[in-house]
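Q: I am new to this structure and would be grateful for a close look at one part of it, the aromatic rings and their surroundings.

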Amino acid sequence: MSTLGLLRTLFNPKIVTPNAIQLQSLNRTPFLVGLFFNHDQIRTMSRVKRRTTHPPYWHVLKNNQRTDEKISSDNLRFVQEVIQDKYKNKSPIKGSDLDIEKTEWDPKTKRSGVIARNIGVQHMWEKDGKKVICTVLHVLDNHVIRYVPPEEYAKSVIGAKMFKNRKPLGCLVVGAEASNPERFTRQYCSLFDEVGLLPKKRLARFIVTPNAALPPCTPLTAGHFVIGQAVDVYGKTIDYGFQGVVKRWGFKGGPASHGTTKFHRRGGTIGTGRDKARVWPGQKMPGHMGSERRFNRGLKIVRINMKYNIIYVKGTVPGPTNSIVQIFDTALPRRKFTEAPPHPTYFPPEDGTLPQEDIWDSSLHVFGSPSISV
C-alpha cells in the first residue's frame with residue numbers, strides 16, 4: 001500500500017481493509033512519528049548555541065504591528081482621552097503608602113537590582129592626582145511590576161531549572177521606561193493592568209530572598225545603592241559580527257613579506273594527520289564575535305547623583321553606549337556588604353527634598369573645590 005493510501009486508511013473509518021484492521025489496533029501517534037521522523041538518524045549539535053536573535057517562546061508578543069489604516073484626527077484625539085482617563089488616577093505610590101513587612105537585613109539577604117542605561121564614560125581624579133575611568137549609568141524609571149513567591153517561581157520553566165537542587169527563592173519583575181500603550185500589543189499591556197502603570201519598554205527578573213520582597217508599584221532609584229559599594233553589572237557586549245582570528249582571538253597572523261601569499265591574517269593549521277587526526281572541539285577559528293551576555297563583577301560605586309538618578313562606577317561595563325544593563329549587589333564573597341544597606345530599598349523623603357544631591361566617594365576630588373590648600 002502506498003503512503004497516501006495508508007494515510008487515507010488511517011483517518012477514514014469507512015474504508016475497511018485487512019491492513020486497516022491491524023493498523024487501528026495500534027497506537028496511531030507513535031506509528032506516524034516513526035513513519036515520518038526517524039529519530040535514530042537525527043544528529044544533535046555538540047555545543048549549544050550561545051546567542052539567539054529572538055525572544056523565548058514563553059514571552060508575550062511585545063511590539064504592536066503597524067497597520068495602514070488612516071485614522072482621523074478626531075479618532076486620534078479620542079484614543080488619547082481614553083488613555084488619559086485610564087491612567088490619570090493611577091500613579092506610583094510613595095514609601096509611606098506601602099504596606100511592607102519590616103524585616104531585618106542579614107548577610108544572606110539578596111536584594112533586587114535595577115535597570116539602567118549606559119550613557120558613556122567620564123574621567124574622575126582622585127585626591128592624589130590619579131585619573132580614574134568611570135562609567136556613567138542612568139537608572140531609568142524603575143518600578144516593581146510583580147512579585148512571584150518561591151513556591152510559585154520554582155514551578156516555572158526558568159525556576160525549575162535554576163532551583164533544581166537548592167532551596168528556591170522569589171522573583172521580582174521590574175520594569176523601566178514607561179511608554180505609549182499604542183506601541184504595544186494587548187497581551188503585553190495586560191501585564192501592567194493589575195499594577196496600574198503605563199507599559200514599560202524594559203522588563204527584567206531579579207532573584208530575591210523573601211525578606212527583600214517588594215510590593216508592586218514600588219519605585220526603585222539610584223539611592224538603592226550606596227557610595228563605596230561593589231556591584232555587578234550585567235549586559236550584552238558589543239556585536240562585531242563575523243570576524244577573523246586576528247581580531248576575535250588576538251592571533252599574530254603570518255609574515256607580511258618574504259614569499260608569503262594570502263596568509264597575512266590567517267589562523268594556520270587547525271589539526272594534524274597523526275594523533276589528533278581531527279579538529280578538536282573549542283578550536284579558535286573565525287566566527288561571530290560579541291553580542292554575548294556578560295557580567296562585570298566587583299565594580300565600585302564612586303559617585304551617585306540623587307537628583308538625576310545617575311550612578312558612577314569605577315571601570316567599564318559590558319555593551320556599547322546607550323545600551324541597557326542591570327545592576328546587582330555583588331556576589332563576590334570578599335566584597336559583599338558589611339553594614340546594612342537601604343533595606344529593602346531606598347525611599348526618598350515625602351516632601352521632595354534631597355538630603356544630598358551629589359554624593360562623592362571620599363577618595364575622589366570634587367570638581368569646584370580647591371585642589372591645593374595652604
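To set the scene, what does the accessible surface of the protein come to, and what percentage of it belongs to carbon and sulfur atoms?

A: The model is a predicted one. The accessible surface of the protein comes to about 25,400 Å², and 53% of that area belongs to carbon and sulfur atoms. Of the 374 residues in the protein, 33% are buried. The chain forms eight helices and 13 strands. Among contacts with a separation of 6 or more, 76% join residues 24 or more positions apart.

Turning to the rings, the structure holds eight aromatic pairs. One of them joins Phe 295 and Phe 328: the ring centres are 5.9 Å apart and the planes stand at 50°, so this pair counts as tilted, the class for angles that are neither under 30 degrees nor over 60. The two partners come from distant parts of the chain, since Phe 295 lies in strand 10 (residues 293-305) and Phe 328 in strand 12 (residues 324-329), 33 residues apart. Phe 295 is partly exposed, at a relative accessible area of 37%. Phe 328, by contrast, has a value of 19% and is buried, because the limit for a buried residue is under 20%.

A further pair, Trp 360 with Phe 367, is edge-to-face, with 5.6 Å from centre to centre and 80° between the planes. Here Trp 360 is the buried partner, at 17% relative accessibility, while Phe 367 is partly exposed at 41%.

Phe 295 and Phe 328 also belong to a wider arrangement, a cluster in which ring pairs link them with Phe 206 and Tyr 234. Phe 295 has a charged neighbour as well: the charged end of Arg 297 sits over its ring, 4.3 Å from the ring centre.

The strands that carry Phe 295 and Phe 328 lead on to the nonpolar interior. The largest nonpolar core has 31 residues, and Leu 137, Val 231, Ile 311, Val 313 and Ile 327 have the most contacts inside it. Strand 10 and strand 12 each supply at least two residues of this core, as do others including strand 1 (114-125), strand 2 (131-139) and strand 11 (310-314). Leaving aside residues up to four places away in sequence, Val 313 touches Ile 133, Cys 134, Thr 135, Leu 137, Val 231, Leu 299, Lys 300 and Ile 301. Two of these neighbours, Leu 137 and Val 231, are themselves among the core residues with the most contacts.

Key. Residues numbered from 1 in each chain as written. Predicted model: local features only at pLDDT ≥ 70, side-chain atom pairs only at ≥ 80, totals over all residues. Heavy atoms only, no water. Phe/Tyr/Trp six-rings, centres within 6.5 Å; stacked < 30°, edge-to-face > 60°. Helix = DSSP H or I, 4+ residues; strand = E, 2+ residues; numbered from the N terminus. Buried < 20%, exposed > 50% of the residue type's maximum accessible area, 1.4 Å probe, protein only. Lys NZ or Arg CZ within 6 Å of the ring centre and 35° of its normal. Core = buried A, V, L, I, M, F, W, Y, C linked by side-chain atoms within 4.5 Å. Contact = heavy atoms within 4.5 Å. Areas by Shrake-Rupley, 256 points an atom, 1.4 Å probe, with all protein chains shown as cover.
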